[in-house]
Amino acid sequence: ALTGHGDAIRETARLTEQKMELDEDAKAELDRRQAVLLEHVKEQPEITVTWFCPDEKKSGGAYVVTVGRLKRVDDTAGALKLTDGMTIPLDEIVDLQCDLFQRLL
């Protein structure tokens, strides 16, 4: 009768984070960085993306840091596509890092 009970308890105990809302300055900076990446997309720059990955089973999710080479910015899907096949939704990104940005400072 208790089959799966342990799994249910573990799932309930698993913590998720709530998505934080970025202020207008942070959004503007992300937009600026995305524009720089668009200009250099053919170079397939290495990027470090911090983004919110929604949980499939309950509210909230987790912040994930993904490092990879940018393949393209898919405006139709609203996502960054990496060379390894990873897709990151633009509206979930909270931070973008790339060596290209050092030239902007």
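Which residues of α2 are buried? To get there, let us start with the whole chain and then move in on this helix. Keep in mind that the model you see is predicted.

The protein chain holds two helices and five strands. Follow the elements from the N terminus and you meet them in the order α-α-β-β-β-β-β. Of the 105 residues in the chain, 31% are buried. The chain exposes about 7100 Å², and carbon and sulfur atoms supply 52% of that area. Contacts also link parts of the sequence that are far apart: among contacts with a separation of 6 or more, 57% are between residues 24 or more positions apart.

Now find α2, which covers residues 24–39. This helix has 16 residues and reaches 23 Å from its first C-alpha to its last, close to the 22 Å expected at 1.5 Å a residue. Here is the reply to our opening question: the buried residues of α2 are L30, R33, Q34, V36 and L37. They cover an arc of only 155° around the axis, so they sit on the same side of α2. What lies over them? The cover of these buried residues includes β1 (46–54), β2 (61–74) and β5 (93–97).

Turn the helix around and the picture changes. The face of α2 turned away from its buried side carries the exposed residues E24, D25 and E39. D25 also takes part in a detail at the N-terminal end of α2, where D23 acts as a cap. A side-chain oxygen of D23 lies 3.2 Å from the backbone nitrogen of D25.

Two loop residues are worth a stop as well. Move on past α2 and, in the loop between α2 and β1, you will find Q44. Most residues other than glycine have a negative phi. Q44 is not a glycine, yet it has a positive phi of about 45°. Is Q44 buried, partly exposed or exposed? With a relative accessible area of 33%, Q44 counts as partly exposed.

The other stop is L15, in the loop between α1 (5–13) and α2. L15 has a relative accessibility of 78%, so this residue counts as exposed. Look across from L15 to G60: the two are 45 residues apart in sequence, while their C-alpha atoms are 8.7 Å apart in space.

With these places in mind, you can return to α2 and see both of its sides: L30, R33, Q34, V36 and L37 are buried, while E24, D25 and E39 are exposed on the face turned away from them.

Notes. Residues are numbered from 1 along each chain as its sequence is written. This is a predicted model: local features need pLDDT of at least 70, side-chain atom pairs count only at pLDDT 80 or more; totals for chains, interfaces and linings use all residues. Side-chain values use heavy atoms; hydrogens and water are left out. Helices (H or I, at least four residues) and strands (E, at least two) are DSSP runs, numbered from the N terminus. The expected span of a helix is 1.5 Å times one less than its number of residues. Buried means under 20% relative accessible area, exposed over 50%, partly exposed in between (1.4 Å probe, protein chains only). The arc is that of the directions from the helix axis to the C-beta atoms. Contact means heavy atoms within 4.5 Å. A polar contact is a pair of N or O atoms within 3.5 Å; within protein, one must be able to donate a hydrogen and the other to accept it, and residues adjacent in sequence count only if both atoms are side-chain atoms. Accessible areas come from the Shrake-Rupley method with a 1.4 Å probe; for residues, only the protein chains shown count as cover.
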